[in-house]
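Trainee: I should like to request a close look at a single part of this model, followed by its surroundings.

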Amino acid sequence: MHKQPELQVKTKKLIEQDGFIFKDLNNNGKLDPYEDWRLSPKERAENLVSLMTIDEKIGMMLINSRKMGLAQEDKSKTSHDGVLDESIIEKGETIFAVSKVYGTTHTIENRHLRHFILRDNFSPAEMAEWVNKLNEVAEETRLGIPVIIASNSRNENGEAVFGMNDAIGIFSTWPGTLGLAAAAKGDIKNGGDASLISDFARIARKEWNATGLRKGYMYMADVVSDPRWQRTYGTFGEDPEFIADAIGRIIDEFQGETLGKDSIAMTTKHFPGGGSRENGFDPHYAEGKWNLYPTPGSLENYHLPPFRAAVEHGTSSMMPYYSIPSIKKSVVQEFEEEDIPFEEVGFTFNHYFLNDILRGKLGFKGYVNSDSGIINNMSWGMEDRSEAERFAKAINAGTDLVADTNDIENLKLAVSKGWISEKRIDEANVRLLTEMFALGLFDDRTYNEPEKATEVISTEEHWDKAYEAHKKSVTVLKNSNETLPLTADKLDGKKVYVEVFHKEAERATFYTDKARTEAETLGLFTLTDNYEEADTAILFLHPKSGSYFNATPGLLELEICEDKVNYALDGSLYQETTLTGMDHLQEVADSIHSRGGKVVMSVNVILPWILGTVEHMADALIAGYDTFFDAQFEVIAGHHKPTGVLPLTLPASEEVIAVYQNGECVSPNDVPGYDKDKYMPAGMTYAYKDRDGNVYKLGHGLSY
């Protein structure tokens with residue numbers, strides 16, 4: 001029995017047939033199969049593709065970042081009451097304008113794009129209104145094809161980084177994904193399961209849904225096996241079995257059993273796993289373009305299991321990584337007892353990985369969405385080819401949607417030269433449109449209610465659950481002589497000093513003020529801002545290393561250090577700082593200890609830091625993962641029992657991740673930390689061991 005959806009139109013008409021109401025999206029006065037909500041998404045997609053011109057199909061295969069009008073300072077370059085951005089950015093004007101970027105209306109009407117990435121961070125109501133205006137423009141076009149908005153994740157705390165943490169603090173704010181893993185793995189250790197991850201996804205889905213963001217570039221199913229990989233903090237750690245469970249739960253909750261009008265379509269990334277770096281270098285720059293597999297069975301045993309789980313749980317799309325599988329620096333890898341032939345091109349261009357493994361062996365049914373910039377900046381293995389040839393290679397390899405470009409000219413050129421068949425273009429369009437039909441975008445989910453978005457995101461339960469996860473993520477690594485908890489009786493008549501250290505001095509000042517305000521609000525401690533009169537210090541360390549789009553001169557620094565002299569890869573010397581104020585840190589610790597006091601230190605684990613330079617100063621050492629200060633204070637004070645555990649192994653020293661002159665790492669790049677000891681030279685142990693004998697390996701976490 002069919003249930004009439006509540007259809008909304010702004011410019012097109014509604015028509016009646018068989019006692020039901022339908023949208024007349026192409027204005028022809030009759031019901032076309034693609035307008036008939038009683039048919040399956042695939043049937044509707046096939047009909048619509050048969051009606052589209054080649055230009056409309058080409059536009060459908062590109063997704064590009066789109067600014068909101070609110071982000072445009074010059075309001076004369078906006079339309080629809082300042083909601084849509086109509087500015088034109090000339091080619092090369094910004095690092096992302098690799099071809100000319102047109103205004104929003106022109107892009108929808110004349111370039112026929114329908115997929116857009118939102119990176120701005122305005123209020124839920126403003127986002128919902130923006131999506132509505134985009135769809136008003138789209139509804140007026142020939143076939144009335146709506147738009148779909150994708151975004152990177154928006155529900156984890158952290159510092160803003162383009163392309164990774166585009167948006168923070170508007171939606172319910174949970175710890176970083178490593179923190180979600182620390183909390184859920186702690187629940188598992190205590191006899192529970194990872195349902196915290198399910199709660200997280202269930203709540204996030206409601207918030208996304210209310211604002212009209214219907215496609216998530218998330219989450220990372222990558223298994224961390226090279227500790228120097230800068231993207232570690234966006235992962236769920238190094239345990240393939242846990243990551244597979246987490247990814248399955250996320251897809252189940254965001255998408256539901258099948259894609260429907262309340263689903264958020266997931267794009268799982270980065271197939272077949274980005275963790276197997278060449279000594280940590282990232283493929284956003286040329287130095288990091290290789291994936292290495294020096295260990296037999298590593299690809300199948302460590303890296304592919306979470307992607308298998310994503311396929312089994314029906315992820316709507318899959319994002320391949322930029323990197324190239326290296327023949328020279330890998331041993332033969334097998335999958336399901338067949339050797340994998342390595343073609344040295346990025347995975348987006350890699351026919352065997354996308355067709356034989358992803359679709360053939362794993363049974364993936366969705367579409368393949370490239371990572372941003374594969375046609376211009378990160379076209380690894382295809383650098384000597386033209387843009388049109390890169391389009392042809394990617395699409396013929398199985399990529400259906402090409403990210404962060406509006407370069408319709410070169411895709412059209414590849415089609416006109418016969419390098420891509422129209423049959424393949426049609427196949428990609430059917431896959432892309434099937435998702436949009438399933439999400440209800442053509443029917444009753446074209447338009448959103450901005451006031452409902454505000455209401456959903458201010459739901460108290462969402463923020464309470466998120467805060468609970470922050471507390472659960474706190475991981476006690478070391479607790480000498482039962483320093484923790486700092487209960488009221490232990491602190492009776494004693495003063496507590498709080499300070500935050502960061503790589504950037506001005507951020508340290510900002511965070512110190514924030515942490516002290518939160519400590520004051522909680523009222524758990526008697527505070528002083530003079531460490532020389534304090535009996536206890538709570539010191540938060542927020543080290544940072546490397547940058548997302550540029551390689552460091554040498555290997556990424558994992559020690560907590562200031563002005564440390566390192567060797568660059570070319571043999572020259574340079575200085576590296578991951579934390580500013582190291583001398584001051586030592587001074588504070590020495591001052592507290594000189595009076596028989598205690599130092600509690602929290603390290604923000606966004607990378608597997610080597611803790612040898614700071615651990616000896618701490619009587620109690622804890623790990624946070626972009627975890628709120630107040631949640632950490634509650635654990636420190638004993639208001640919340642610590643249950644978090646390490647989601648990855650922290651390396652013992654620089655020696656265990658040293659790189660020989662031939663570029664080979666002492667501990668293999670493709671093996672997670674918990675298993676590295678199997679491959680270490682005799683007498684070497686990978687995991688850090690503190691002065692109390694605690695070993696900081698996957699799953700370590702103390703309680704009291």
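Trainee: Which are the buried residues of helix α9 (residues 305-312)?

Mentor: This is a predicted model, in which local features need pLDDT of at least 70, side-chain atom pairs count only at pLDDT 80 or more, and totals for chains, interfaces and linings use all residues. Residues are numbered from 1 along each chain as its sequence is written, and side-chain values use heavy atoms, with hydrogens and water left out.

In helix α9, the buried residues are P306, F307, A309, A310 and V311; buried means under 20% relative accessible area with a 1.4 Å probe and protein chains only. Helices (H or I, at least four residues) and strands (E, at least two) are DSSP runs, numbered from the N terminus. The cover over the buried residues of α9 includes α7 (240-255), β9, α8 (298-303), β11 and α10, where contact means heavy atoms within 4.5 Å. Just after α9, G314 adopts a positive phi of about 80°.

Two of the covering elements, β9 and β11, belong to a barrel. Its 8 strands close in the order β3-β6-β7-β8-β9-β11-β15-β16, with parallel pairing; two strands pair if DSSP finds at least two bridges between them. From one strand to the next, the twist averages 25°. Strand β9 (residues 265-271) runs parallel to strand β11 (residues 317-320), and 4 bridges join them. The bridge partner of T267 in β11 is S317.

Helix α7, also among the elements covering α9, packs with helix α6 (residues 195-211): their axes come within 8 Å and cross at roughly 35°. Such axes are lines fitted to C-alpha atoms, for helices over the stretch in contact, and angles run from 0 to 180 degrees between N-to-C directions. The crossing of α6 and α7 is right-handed, that is, the near helix is turned clockwise from the far one by less than a right angle. On the α6 side the contact residues include I197, A201 and W208, and those of α7 include F242, I250 and F254. By class, this contact of α6 with α7 has 8 nonpolar, 2 polar and 4 charged residues; Ala, Val, Leu, Ile, Met, Phe, Trp, Tyr, Cys and Pro count as nonpolar, Asp, Glu, Lys and Arg as charged, and the others, Gly among them, as polar.

Helix α10, which also helps cover α9, is likewise among the elements covering the buried residues of helix α11.

Note on methods: Buried means under 20% relative accessible area, exposed over 50%, partly exposed in between (1.4 Å probe, protein chains only).
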